[in-house]
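Visitor: I have a structure open and would like to learn how to read it. Can we take it feature by feature?

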Amino acid sequence: MFQYDFMQHAFAAGTVVAIMCGAIGVFVIARSLSFIAHSFSHIGFSGAAFAVCIGWNPLSGLLLFTSISALAIGGFGVKVFRRDVTISIILSLFLGLGLLFIALSTKQATAMYALLFGSVVGISMSSVWEMLLLSLFVLALLVVLYKPLKFDSFDPVGAQAARLPVRVLSVAFLILLGIASSEAIQIVGSLLVFTLMTAPAATARYLTNTVFRMIMASAFLAVIGVWGGLVLSYYTNAPVTFFIATLECIFYFMALGWHALRERRKARTVEAVTPVWQRA
Amino acid sequence: MNDIALNVSHVSVDLGGRRILSNLSFEVGHGEFMGILGPNGAGKTTLFRVLLELLRPTKGTVQHFGERSGQEREKSEVSTRKSTATIGYVPQSRQIDTELPMQVRDFVSLGLPNPFRFWLSRRDKEAVQSAMELTDCARFGHQPIGKLSGGERQRAYLAQALVRNPQILLLDEPTSNLDPGAQEGMAAVVHQICRSQSISVLFISHDVNLIARYADRILYLTPGHYAVGTVDEVMRTDVLQRLYGTAVELVRMAGKLYLVATEQAIGGGTDICN
């Protein structure tokens, strides 16, 4: 499997992006931004289609569109965009625009397919480098902003009470999210950004009880999902993204089941030590 | 207690064309426990926002005096910082996800003044530990914050504000969702911190009797009016009638105070308008 360049590239790019998405995903779900991440991916899709249409590198279109929308959303305030109506309108507009750009360009079907469903196999070495640099940039900023982001994401009222610059943090995080979704699109496609951005973090939430371990677990699960997807796809010829999505989903429900089981067992032990006359 | 920690002078606040606070002046001494009472909409939370400099008053000034003259606390790094670092604030409504993957200790350490450094120095650890001991949180330091009871959670919020080593502590209805026992416990903890650390406390509550037991002085706010003074000075029928502008009566029953609206003004209407 590793004798092929395209598999090496796919593993390298997939690993890098999975670590970054897994890490940022923890903050995405804590800030309830998963649907904004989803709309970013659609906005990114139309950006990439636009870039393809005028003959740019798709990544520049992705970054351009997502960064502009990050600034726009930051300007209006995130609350407006948490409303699902606003999101659905924006989603449809940008999907429509993407469709238009695809129709206008000459390389239609394959480009469209790659943007919607991902194209990790067949990624070039230069793209791998691009993704590595971008991911390192995002991760470095996450490290620098770790403490204030943790405060603001998990205890927004407290962060405001402690007079953190919450507005600046929010916009900075949206820009990071825009970059992260631009990268995730290239691995799993814009329709399935959730699989790397929110599913591993949602799973990690059931497994640990500190934010740092949650980030580690989330990144780990994302990487395992991508590796598993690549291996399974190599041997079955079914699409990689399908396997990644399925694996992340299985992880999630296993974690959920384990969590529920553990809670029930805990409840039973409490019941066992409570004297009969005190039971309700 | 004689040194002034906070001086509010002729502060008025207009919000959306409505006057919320009108010509409010009072002082709070170092280590003083000031209870703030008053009906909803009287501007209690607005006052806190002004004190925190989140809101600029339309008129008037607010001065914090971080450095204390006379009996000084040990010169720690924090107390010599600017006034911005010296206010601890526990806001009113705070929703914490019950699944929040964070232990109480980590939650408290979020409040540490250094904004970016995410590892804890030894001094940080000591600050977290002492804040948790002061608020009686140390027992459940390793539990997830989402699993705590309401009273325990309020104490964790308090610890998060205390870890910054504030000289003024603003508490916005810290007892509002607690059962009577937990309310008493919370007020007692705050009172003890106020005394032992000589931190000035401004404590908003709707419970007259809780405030009356612990506060050195009371600031009673109603829309457009206010009164400052000791419990005996403020909690009087004539003062309250002036504040509310309608007939109210203060009833004392079994050692407790009750504020009752009455049909007719007692003692004539001369005191009402002001």
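Visitor: Let me start with one residue. Where in chain B is B:Glu173 found?

Guide: First, a caution: this is a predicted model. B:Glu173 lies in the loop between β6 (168-172) and α5 (180-196) of chain B.

Visitor: What is the sign of phi at B:Glu173?

Guide: Start with the general idea. Most residues other than glycine have a negative phi. Now the case here. B:Glu173 is not a glycine, yet its phi is positive, about 45 degrees.

Visitor: Is B:Glu173 buried or exposed?

Guide: The cut-off for buried is under 20% relative accessible area. B:Glu173 has 9%, so B:Glu173 counts as buried.

Visitor: Which strand holds B:His10?

Guide: B:His10 sits in strand β1 of chain B, residues 4-15. B:His10 also has a positive phi, about 50 degrees, although it is not a glycine.

Visitor: How accessible is B:His10?

Guide: Its relative accessibility is 47%, so B:His10 counts as partly exposed.

Visitor: Now the chains. How many residues does each chain bring to the contact?

Guide: Chain B brings 30 residues and chain A brings 24 residues. In chain B, the residues that lose the most area to chain A are B:Pro101, B:Leu110 and B:Phe118. Together they account for 28% of what that side buries.

Visitor: What area is buried between the two chains, and what share comes from carbon and sulfur atoms?

Guide: About 2,300 Å² is buried between chain B and chain A. Carbon and sulfur atoms give 59% of that area.

Visitor: How many salt bridges cross between chain B and chain A?

Guide: The rule finds 1 salt bridge across this interface. B:Glu53 pairs with A:Arg163 in a salt bridge, and their closest N and O atoms are 3.8 Å apart. Why does that pass? The cut-off is 4 Å, so a distance of 3.8 Å qualifies.

Visitor: How many residue pairs are in polar contact between chain B and chain A?

Guide: There are 6 such pairs, counting those with both residues at pLDDT 80 or more.

Visitor: Which elements of chain B each supply at least two residues to the side that touches chain A?

Guide: They are β5 (87-90) and α2 (104-109) of chain B. The largest share, 3 residues, comes from α2(B). By residue type, the side of chain B that touches chain A divides into 15 nonpolar, 7 polar and 8 charged.

Visitor: Now inside chain B. What domains does the assignment give?

Guide: The domain assignment gives domain 1 (4-243) and domain 2 (244-274) of chain B. In their contact, 15 residues of domain 1 meet 15 residues of domain 2.

Visitor: What area is buried between domain 1 and domain 2 of chain B?

Guide: About 1,300 Å², with carbon and sulfur atoms giving 51%. On the domain 1 side, B:Asn209, B:Gln241 and B:Arg242 supply 44% of the area buried against domain 2, more than any other three residues.

Visitor: How many salt bridges and polar contacts are counted between these domains?

Guide: The salt bridge count is 0. The rule also finds 0 residue pairs in polar contact, with both residues at pLDDT 80 or more.

Visitor: Which elements of domain 1 each supply at least two residues to the side that touches domain 2?

Guide: In chain B they are α6 (208-214), β8 (217-222) and α8 (237-244). The largest share, 6 residues, comes from α8(B). The domain 1 side divides into 7 nonpolar, 5 polar and 3 charged residues.

Key. Residues numbered from 1 in each chain as written. Chains lettered and ligands numbered in written order. Predicted model: local features only at pLDDT ≥ 70, side-chain atom pairs only at ≥ 80, totals over all residues. Heavy atoms only, no water. Contact = heavy atoms within 4.5 Å. Buried area = accessible area lost by both parts, 1.4 Å probe. Salt bridge = Lys/Arg side-chain N within 4 Å of Asp/Glu carboxyl O. Polar contact = N/O pair within 3.5 Å; in protein donor to acceptor, adjacent residues only side chain to side chain. Helix = DSSP H or I, 4+ residues; strand = E, 2+ residues; numbered from the N terminus. Nonpolar A, V, L, I, M, F, W, Y, C, P; charged D, E, K, R; others polar. Domains from an automatic or database assignment. Buried < 20%, exposed > 50% of the residue type's maximum accessible area, 1.4 Å probe, protein only.
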